[in-house]
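Work through the exercises below with the sequence and the model in view, and try each task before reading its solution.

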Amino acid sequence: MQRNGNPRVSVVVPTRNEARNLEVVLPAIAAVRPAVHEIIVVDGNSVDGTVETAQRVLPWVKVITQTRKGKGNAMACGFAAATGDLIVMFDADGSADPAEIPAFVRALIDGADFAKGSRFVRGGGSDDITLLRKTGNAGLNGVANALFGTSYTDLCYGYNAFWIDILPVLDLPPIDAPAPPEGMLWGDGFEIETVLNCRVAAAGLKITEVPSMERERIFGQSNLRTFADGTRVLRTLAAERRRALRGRAEKVQVEEQARALTPAGGIPVVPPLADPASNGGPINGGPIGAGPLSTGPLNGAAPVADPVNGRRPMPPPRPAPVDREGRDSVALRFALEEEAS
């Protein structure tokens, strides 16, 4: 992976019955200059010939089938298949402008870890948003900014780009995990954009908003449900805030254990983190610099003998149990009350 002025760009396009739109969208992406490295179409079992259309319109396109259902799973499958240095998330309905891709790439080259499209900054706009949706988006922005210390102007927009080396921070469900008997895995659905925005903020990554103009969908009908999707975004914000608080509490506990294990004048010792396969996923947020809610890389060195007297340090006392759920609930309620005041 290279972070320089000439990165390879992978464009991930999730689809479900978007054959007619792909006839317009794929050639437009392929015409972008500088040329993209690859276009990955991730199909969700379309029945309108989406896959065949993609391969006919653009023979070199990479087409894969998602492993479960939901836009989030489609995105995760596309991310896993990408071979470029950075990824651009691109909707297949024709609402996003491929000519904006270079602006997203430039934001990343200039130092951002995550480039977030916004319809509500100077140079952005929308032909497709209603007053109700605009008002709801503003309210959700306010909640997200209060909970995560961000300054987002457009929380719910899906045109984003990021360096591929931050994928460990995103910690999306493994693409080979089995689907649950009912419902979807957390992160597999339309909450994916909010999940990403929360996790990059919690990890303290550098985020740059990029002006973007949203057009109306070319063909077909949108699956957007204003009230249902707005409620889901609120639930996502609450769940991701609890997740971030748990990660911060666990980081503090690990640091306290490290201080207790380190002898006077000795090398700092950090005990290994919990098994990433356990509930809650990995604590380590990946290779990027961390912020106030992040957990940076940790080492798992063994205790070191005291260099003065040669004795090994006594084991630390067992830490008291942490009331995570209680503390998370109080912190979340406090943040929401602040936003309401």
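**Exercise 1: from one bridge to the sheet**

Valine 12 has isoleucine 40 as its bridge partner in E2. The model is predicted, so that local features need pLDDT of at least 70 and side-chain atom pairs pLDDT 80 or more, while totals for chains, interfaces and linings use all residues. Numbering starts from 1 along each chain as its sequence is written, and side-chain values use heavy atoms, with hydrogens and water left out.

Task: How many bridges join strand E1 to strand E2, and in which order do the strands of the sheet lie?

Solution: Begin with strand E1 (residues 9-15) and strand E2 (residues 38-43), which run parallel and are joined by six bridges; strands here are DSSP runs (E, at least two residues; helices are H or I, at least four), numbered from the N terminus, and two of them pair if DSSP finds at least two bridges between them. Then extend outwards to the open sheet of seven strands, whose order is E3-E2-E1-E4-E7-E5-E8 with mixed pairing. Its edge strands, each pairing on one side only, are E3 (62-65) and E8 (207-211).

**Exercise 2: the faces of a helix**

Task: Which residues of helix H2 are buried, and which are exposed?

Solution: In helix H2 (residues 50-57), first find Thr50, Thr53 and Ala54, which are buried (under 20% relative accessible area, with exposed over 50% and partly exposed in between, for a 1.4 Å probe and protein chains only). Because the buried residues fall within an arc of 100° seen down the axis of H2, they line one face of the helix, the arc being that of the directions from the helix axis to the C-beta atoms. On the other side of H2, Glu52 and Arg56 are exposed. Finally, follow the buried residues of H2 to E1, helix H1 (19-30), E2 and E3, against which they pack, contact meaning heavy atoms within 4.5 Å.
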